[in-house]
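Here are my notes for your read-through. Keep the structure open beside them and check each point as you go.

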Amino acid sequence: MTYSLKVAQEAAEAEFGDTTTSLAANPDATTISIEDPGETPKHKPGPLRGLGREEDDELLGNDDSDKTELLAGQKKSSPFWTFEYYQTFFDVDTHQVFDRIKGSLLPIPGKNFVRLYIRSNPDLYGPFWICATLVFAIAISGNLSNFLIHLGEKTYHYVPEFRKVSIAATIIYAYAWLVPLALWGFLVWRNSKVMNIVSYSFLEIVCVYGYSLFIYIPTAILWIIPQKAVRWVLVMIALAISGSVLAMTFWPAVREDNRRIALATIVTIVLLHMLLSVGCLAYFFDAPEMDHLLTSTAAPNQTVVAAKSS
């Protein structure tokens with residue numbers, strides 16, 4: 001009996017040794033583990049409890065977003081005179097652009113637009129094409145608006161005003177670049193005075209201003225409607241949406257400063273934005289057509305001259 005048990009033990013050890021040798025020779029071999037069906041696994045993957053909280057922290061803009069900003073800054077290490085340096089500013093996918101446009105159309109109270117959408121990867125792609133589209137939308141809509149207003153008048157002769165494209169481009173791109181430059185310089189100056197001020201880079205400010213102008217593209221198209229009341233209602237809605245994006249974004253950057261300076265800064269930002277929207281509406285859509293005025297004033301004069309000569 002003892003001898004048979006010893007033989008069985010040696011046979012089991014030999015079989016185990018052969019299995020170990022085969023696994024060592026072929027690590028990718030498939031093994032089968034036989035467990036008790038009633039036994040509960042010791043380690044069972046559970047739900048990711050911290051996933052929702054991490055997403056909320058990311059939306060609120062915690063320290064992780066600041067780390068992302070530092071990592072993004074480390075990627076842009078090419079010299080500024082190289083093409084690769086500027087290529088990083090246009091390295092953005094369609095999903096990010098759509099999210100930023102949606103964020104500019106639906107501002108979330110209490111949430112920072114820069115930390116929510118921009119800081120991880122600020123870009124110039126969206127602002128550039130938004131400004132270009134807005135230029136053509138204003139110029140073309142302005143021409144169509146004047147044509148529809150004077151349609152049917154015998155003394156009116158329609159002449160396309162291509163100069164409106166260059167004028168609109170000068171206004172829009174000057175606003176989208178010079179105002180952020182002045183604001184960035186002001187924030188840098190105040191940051192040297194007050195250490196607790198939130199700092200934004202120049203690229204982030206340009207990005208915010210560029211995306212805040214998107215609401216004016218459909219607004220400019222709707223300005224074709226030849227009703228002044230409808231136009232002013234549309235401009236007030238667009239101004240409220242885009243102005244709230246700017247105010248909620250830059251208020252955290254100045255709220256730790258002197259109270260009067262902080263309020264004056266936000267009021268100035270909103271007033272400049274209002275000046276842009278109201279100025280575009282008044283110049284491109286509500287301005288009287290000079291060719292029409294010259295034609296209408298020339299007709300009575302010709303009648304008077306003909307009467308005197310006769």
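1. Start with Trp 184. This tryptophan is partly exposed, with a relative accessible area of 32%. The label follows because partly exposed covers values between 20% and 50%. Bear in mind that this is a predicted model.

2. Now place Trp 184 in the chain. Trp 184 sits in helix α8, which spans residues 163-193. On the surface, Trp 184 helps make a nonpolar patch of about 470 Å². The other contributors are Trp 177, Leu 178, Leu 181 and Val 188. Trp 184 can join such a patch because members need over 30% relative accessible area, and Trp 184 has 32%.

3. Step back to the whole fold. The chain has 13 helices and 0 strands. Of its 310 residues, 32% count as buried. The chain exposes about 19900 Å², and carbon and sulfur atoms supply 65% of that area.

4. Look at the contacts next. Take those between residues at least 6 apart in sequence. Of these, 76% join residues at least 24 apart.

5. Then turn to the interior. The largest nonpolar core holds 50 residues. Those touching the most other members are Ile 138, Ile 172, Leu 187, Tyr 209, Tyr 211, Leu 213 and Phe 250. Elements giving two or more residues to this core include α5 (94-105), α7 (125-149), α8 and α12 (259-284). Which element gives the largest share? Helix α11 does, with 9 residues.

6. Pick one core residue, Leu 213, and list its partners. Leave out residues up to four places away in sequence. Leu 213 then touches Ile 130, Cys 131, Leu 134, Ile 172, Tyr 175, Ala 176, His 273 and Leu 276.

7. Finish with the rings. The count comes to 11 aromatic pairs. One pair is Tyr 175 and Tyr 209, at 5.6 Å centre to centre and 65° between the planes. This pair is edge-to-face because its angle of 65° falls in the class for planes over 60 degrees apart. The pair links distant parts of the chain: Tyr 175 is in helix α8 and Tyr 209 in helix α9, 34 residues apart.

8. Are these two tyrosines, Tyr 175 and Tyr 209, buried or exposed? Both Tyr 175 and Tyr 209 are buried. They also belong to a wider group: ring pairs link Tyr 175, Tyr 200, Tyr 209 and Phe 250 into a cluster.

Technical notes
Residues are numbered from 1 along each chain as its sequence is written. This is a predicted model: local features need pLDDT of at least 70, side-chain atom pairs count only at pLDDT 80 or more; totals for chains, interfaces and linings use all residues. Side-chain values use heavy atoms; hydrogens and water are left out. Patches are made of residues with over 30% relative accessible area and no salt bridge: like charges are joined within 9 Å, nonpolar side chains (Val, Leu, Ile, Met, Phe, Trp, Tyr) within 5 Å. Accessible areas come from the Shrake-Rupley method with a 1.4 Å probe; for residues, only the protein chains shown count as cover. A salt bridge is a side-chain nitrogen of Lys or Arg within 4 Å of a carboxyl oxygen of Asp or Glu. Helices (H or I, at least four residues) and strands (E, at least two) are DSSP runs, numbered from the N terminus. Buried means under 20% relative accessible area, exposed over 50%, partly exposed in between (1.4 Å probe, protein chains only). A nonpolar core is a set of buried Ala, Val, Leu, Ile, Met, Phe, Trp, Tyr and Cys residues joined through side-chain atoms within 4.5 Å. Contact means heavy atoms within 4.5 Å. Rings of Phe, Tyr and Trp (its six-membered ring) pair if their centres lie within 6.5 Å; planes under 30 degrees apart count as stacked, over 60 as edge-to-face and the rest as tilted.
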